[in-house]
Amino acid sequence: MSSLTTPTQPSGGARAKAATGLDELDQRYHPAAGLRKQFNKVFPTHWSFMLGEIALYSFIVLLLSGTYLGLFFDPSMAEVVYDGPFDNLRGVHMSRAYESTVQISLEVRGGLFVRQVHHWAANLFVAAMVVHMFRTYFTGAFRKPREANWVIGVVLILLGFFEGFSGYSLPDDLLSGTGLRIASGFILSIPVIGTWTHWLLFGGEFPGTEIVPRLYIIHVLILPGLLLALIAVHVGLVWYQKHTQFPNSGRTEGNVVGVRILPAFAAKGGAFFAVTVGVLGIMAGLLQINPLWNYGPYDPAHISAGSQPDWYVLYTEGMLRIFPPWDIYIGNYSIPAAFWASPAFLPVLYVVAALYPWIERRFTGDNALHNLLQRPRDVPVRTSLGIMAITFYGVLVLSGINDWIAFFFHISLNATTWAGRILVLILPPLMYFVTYRWCIGLQKGDRAVLEHGIETGIIRRRPNGEFIEVHQPLAGTDAHGHPTELDYQGAPVPNKLNQLGYAGEAVPGSLLRPDPTDQTRRLEDARAREAEREQTQHERQGEFAGRPDGGRPAPPVD
């Protein structure tokens, strides 16, 4: 111990002191056992599990870029006269909110870049959540015991919807003011309480002078706080309940096969975060988004066609455009058509999505605990319903830009409106039927391979003159020469000969040349020794726990 504290080895002395301090901490509070268990946590490595990480990393970028923008943005509706460097706006009356946004874009160093990073990150955040939700839905990851996390995910998407809407409403430019006016109309269409709710939010008639400061507090304080809290709960539940995984060799309902959180998963996560930030930076630097200095300040007299919100709000615009003008009158009250297009449609959509795990359980009677995922082809009804919903959403999005479609393709605007009304009723059921039959066909193809083997492309003629294609059995043949049939277990089935390893394995190396042979051999030997060491360690742990078989799970397993 004296060598550790000698003045000639200060780094060793620092390590010894740190080790002593940590040992003293562990003697009092015993965190070592718990931390060791958490650091050994295992996560699967399938690429689709990265979708949720993209959403998380985009949210971090949103927090950082939004903090920078908040240093320069002034959410005031006070009227000013622009006298900045942009000639087209000089002398124009505008709100201080719009003026400060133009100043951020054209005068603050790096302001335009950060604004575009923030806007692109917002789009990527919602897109990643939506695609992550699709992956969760189509693979059955929402089933028991993860229903609560599914509901949290639906609420996160809803909060992201309102967070994005409140964000692009803040600059008070012509486009955002148009969207805010449409939202005002939606609120006023709510029966009985619509006018009161509108007065509560806007502080009077539209637009008033209160809505932008209130949206600013909602956008930078309330909704981010809720999002941060729910994301923490969401990630915490994933950590506590363990991650789902796709069926494959060595994977069961009671284990997780993948890589440990430290160091492999943490390193991958850090690299993926850097990639996400880099892609957002490239997009912000090269792809222009929302050039609001060209729109001018909000003025109801200057509203033009071609005004659409961001994509994740666009479906409400599409529903409003194609919904028939059906006004309902009950006594002294009226229910305008705009109410059914959004204030009634939006809550129903999210409530049905949140309750779907219980709806499916009610029809299937499945009350078991699930940690293994399903392939979409194996649950054709669920997959078809999902494609039906996506098709419905896609038609609404296209209906939201029907004026642009009419303009660019020289089609009557009335024709595009009626096309949206017809397609929203016909196309989703049609896609349900096509998807269902496609899933059944894929199932039959998998079972045919398991029963007969893989098609080889070799055609032979039997003595009776019949031509047949030779199949390569997956499990050999029986005493009569017939292929041994295998049971389908939910894992991908090989349908090409090279998937059986007949073409050999890829040689390690770069794009143009392979690694040196001796280097590759040494690396394989090191991996074999590491696998043997881990297997020996598991065997010893199994003997210590009174299990003579020693475990031998697929490495590494949690």
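**Aromatic pairs, cores and internal spaces of a predicted model**

Phe-43 and Phe-265 are both buried, where buried denotes under 20% relative accessible area, exposed over 50% and partly exposed in between (1.4 Å probe, protein chains only). The ring centres of Phe-43 and Phe-265 are 4.7 Å apart and the planes lie at 20°, so this pair is classed as stacked. Rings of Phe, Tyr and Trp (its six-membered ring) are taken to pair if their centres lie within 6.5 Å, with planes under 30 degrees apart counted as stacked, over 60 as edge-to-face and the rest as tilted. The model is a predicted one, in which local features need pLDDT of at least 70 and side-chain atom pairs count only at pLDDT 80 or more, while totals for chains, interfaces and linings use all residues. Residues are numbered from 1 along each chain as its sequence is written, and side-chain values use heavy atoms, with hydrogens and water left out.

The chain contains 17 helices and eight strands; helices (H or I, at least four residues) and strands (E, at least two) are DSSP runs numbered from the N terminus. The C-alpha trace spans about 90 × 85 × 50 Å along its principal axes. Of the 558 residues, 38% count as buried. Among contacts with a separation of 6 or more, 72% are between residues 24 or more positions apart, contact being defined as heavy atoms within 4.5 Å.

The search of the whole structure yields 30 aromatic pairs. In the stacked pair, Phe-43 belongs to strand E1 (residues 42-43) and Phe-265 to helix H10 (residues 261-286), and the two are 222 residues apart. For Phe-206 and Tyr-298, the ring centres are 5.9 Å apart and the planes are at 80°, so the pair is edge-to-face. Phe-206 is in the loop between H8 and H9, and Tyr-298 is in the loop between H10 and H11, so this pair ties together parts 92 residues apart in sequence. Both Phe-206 and Tyr-298 are buried. A cluster linked by ring pairs consists of Phe-134, Tyr-137, Phe-138, Phe-142, Trp-150 and Tyr-356.

A nonpolar core is a set of buried Ala, Val, Leu, Ile, Met, Phe, Trp, Tyr and Cys residues joined through side-chain atoms within 4.5 Å. The largest such core has 67 residues, of which Phe-125, Leu-180, Tyr-315, Tyr-350 and Leu-396 touch the most other members. Helix H5 (residues 111-138) provides the largest share of this core, twelve residues. Beyond its neighbours within four places in sequence, Phe-125 contacts Ala-55, Ser-58, Phe-59, Leu-62, Gly-160 and Leu-227. A second, separate core holds eight residues, including Tyr-82, Phe-86, Tyr-98 and Leu-292.

Pockets and cavities were located on a 1 Å grid over the protein atoms alone. A cavity is a set of points where a 1.4 Å probe fits but cannot get out; a pocket is an open set with protein on both sides within 12 Å along at least five of seven lines; and lining residues have an atom within 4 Å of a point. Grid points are joined across faces, edges and corners, and a volume is the space filled by probe spheres set on the points. The largest pocket holds about 1,300 Å³ of space. Its lining comprises 48 residues, with Phe-161, Phe-162, Phe-165, Ala-183 and Val-313 closest to the centre. H7 contributes the largest share of this lining, ten residues. By class, the pocket lining has 31 nonpolar, 13 polar and four charged residues, where Ala, Val, Leu, Ile, Met, Phe, Trp, Tyr, Cys and Pro count as nonpolar, Asp, Glu, Lys and Arg as charged, and the others, Gly among them, as polar.

Three cavities of 30 Å³ or more were found. The largest has a volume of about 80 Å³, and its lining includes Phe-142, Arg-143, Glu-147, Arg-361 and His-370. H13 supplies the largest share of that lining, four residues, and the classes are three nonpolar, two polar and six charged. The second largest cavity has a volume of about 50 Å³. Phe-206 and Tyr-298 are among its lining residues, as is Leu-180. This lining divides into seven nonpolar, two polar and one charged residues.

Leu-175 lies in helix H7 and, at 27% relative accessibility, counts as partly exposed. Apart from its neighbours within four places in sequence, Leu-175 contacts Asn-290, Tyr-295, Ser-307 and Gln-308. The C-alpha atoms of Leu-175 and Asn-290 are separated by 9.0 Å, with their positions 115 residues apart along the chain.
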